[in-house]
Amino acid sequence: MISQRTKYALKALMTLADAARTDQPALTIEEVARRSGTPKRFLEHILLDLRNIGLIRSRRGRAGGYMLIKEPRTVSIGELLRQMDGPIAPLPCLSRTAYQRCEDCTDEENCRIRKMFGQVYWAYLLLIESLTLGDLTEHSDVIERLSAPMPGE
């Protein structure tokens, strides 16, 4: 599950990606907050984090504001999740970026819990690593298919 902070970051990035396609690519923090529905008090820190990881930049002056500096199709959702929330693996022994052996594990190679969650995690990674900010902003059909209720829900 992604954090509320990351959800707000995604909303802000989608708003800035939409603005990049217009004649007003820079948006004030107030405008990003209004368009994305993100509380301004959270947005200030989130925009700073997004700037520090190289996704947006700020410009001062009358036509200033925040703007997306990467092509949306090159912004990996998986990498953004890691940058904002840290490791995304369900178990520390499955993490690609912050591997740790589980402290109660005696036989990692034969651990049935690790194997089961490893299979689920692999499927999740295949999907999340294939999605980009461009998918969120340009291809609403992808999002509609992914967010459709499962049969029986």
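Let's start just past helix α4, where Gly86 takes a positive phi of about 90°. Helices here are DSSP runs of H or I with at least four residues, numbered from the N terminus. Keep in mind that this is a predicted model: local features need pLDDT of at least 70, side-chain atom pairs count only at pLDDT 80 or more, and totals for chains, interfaces and linings use all residues. Residues are numbered from 1 along each chain as its sequence is written, and side-chain values use heavy atoms, with hydrogens and water left out.

Now step back into α4 itself, which covers residues 77-85. At its N-terminal end sits a cap: a side-chain oxygen of Ser76 lies 3.3 Å from the backbone nitrogen of Gly78. Gly78 is also one of the buried residues of the helix, alongside Ile77, Leu80, Leu81, Arg82 and Met84. "Buried" means under 20% relative accessible area, "exposed" means over 50%, and "partly exposed" is in between, using a 1.4 Å probe and protein chains only. And what covers those buried residues? The cover includes α1 (4-20), α3 (40-52), α5 (112-130) and α6 (133-138).

Next, the charged side chains. A search of the whole structure turns up nine salt bridges, each being a side-chain nitrogen of Lys or Arg within 4 Å of a carboxyl oxygen of Asp or Glu. One of them pairs Lys40 with Glu30, with 3.1 Å between the closest N and O atoms. This pair links distant parts of the chain, since Lys40 belongs to helix α3 and Glu30 to helix α2 (residues 29-36), ten residues apart. Lys40 is partly exposed at 35% relative accessible area, and Glu30 is partly exposed too, at 43%.

Staying in α2, Arg34 and Glu31 meet through their side chains at 2.5 Å, N to O. They are three residues apart in the helix, so about one helical turn separates them. Arg34 is exposed, with a relative accessible area of 59%. Add Arg35 and you have a network of salt bridges linking Glu31, Arg34 and Arg35.

Elsewhere, Asp18 and Arg21 form a salt bridge at 2.7 Å, N to O, with Asp18 partly exposed at 38%. Arg21 also leads us to Glu138 in helix α6. Leaving out residues up to four places away in sequence, Glu138 touches Arg21, Glu71, Pro72 and Arg73, where contact means heavy atoms within 4.5 Å. Glu138 is partly exposed, at 33%. For a sense of distance, Glu138 and Leu94 are 44 residues apart in sequence and 32 Å apart in space, C-alpha to C-alpha.

Key
Helix = DSSP H or I, 4+ residues; strand = E, 2+ residues; numbered from the N terminus. Polar contact = N/O pair within 3.5 Å; in protein donor to acceptor, adjacent residues only side chain to side chain.
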